[in-house]
Amino acid sequence: MFIRIERASSIPISRQMAEQIRARCLSGSLKAGDRLPSVRELARELAVNQNTVLRVYEKLTGEGLLDRRHGDGTYIADRPPVRRLSGQVKQYRGDLEQIARRGLMLGLTPGELERHFKAAIQAAAGGLTSSGGTNEKKERA
């Protein structure tokens, strides 16, 4: 599917999953009304416990991002909380600035930072598209 789990990461799997689903909503690759895989399907695909997927779905439903329909499935909410999503973008920008500051403190030049960011973007985009993303727009270099 569209979620990539980094098992060696210190970030909990449930948080990785939730952040990637949120990011997909922000990027527009998941749109209102899109159906997500069932808990069982996603757990099997990612080789994680079903309770992990269930907790992520419940958390995002509580945030208003997902809509769980009994007996039908889990969908992207018709009206995702845009205000909360814009907060996520603001946090992302802050995280990115912090990473850039760390790179500069390590003595990297702005050009080197730019190359590292581009490589990271390409690696992330490759991981998303190779894992079955549906509406990916491939950026041409």
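Okay, before I run through the chain, one definition: helices and strands here are DSSP runs, at least four residues for a helix and at least two for a strand, numbered from the N terminus. With that in hand, going from the N terminus on, the elements run α-β-α-α-β-β-α-α. That comes to five helices and three strands. And keep in mind that what you're looking at is a predicted model.

Some overall figures next. The chain has 141 residues, and 28% of them count as buried. About 9700 Å² is exposed, with carbon and sulfur atoms supplying 52% of that. If you take the contacts with a separation of 6 or more, 50% come from residues 24 or more positions apart.

So where's the inside? The largest nonpolar core is made of 21 residues, and I3, M17, I21, V53 and Y57 have the most contacts inside it. Three helices, α1 (13-27), α2 (39-46) and α3 (50-62), each put in at least two residues of this core. In soluble globular proteins, nonpolar side chains do tend to be buried together.

Let's stay with Y57 for a second. What does Y57 touch, leaving aside residues up to four places away in sequence? The list is I21, L36, P37, S38, V39, L42, L66, R68 and T74.

Now over to another tyrosine, Y92, which sits in helix α4, residues 82-105. Is Y92 buried or exposed? Y92 counts as exposed because its relative accessible area is 52%, and the cut-off for exposed is over 50%. Together with L96 and I99, Y92 makes a nonpolar surface patch of about 280 Å².

That's my tour, thanks!

Technical notes:
Residues numbered from 1 in each chain as written. Predicted model: local features only at pLDDT ≥ 70, side-chain atom pairs only at ≥ 80, totals over all residues. Heavy atoms only, no water. Core = buried A, V, L, I, M, F, W, Y, C linked by side-chain atoms within 4.5 Å. Buried < 20%, exposed > 50% of the residue type's maximum accessible area, 1.4 Å probe, protein only. Contact = heavy atoms within 4.5 Å. Patch = residues over 30% accessible without salt bridge, like charges linked within 9 Å, V, L, I, M, F, W, Y side chains within 5 Å. Areas by Shrake-Rupley, 256 points an atom, 1.4 Å probe, with all protein chains shown as cover. Salt bridge = Lys/Arg side-chain N within 4 Å of Asp/Glu carboxyl O.
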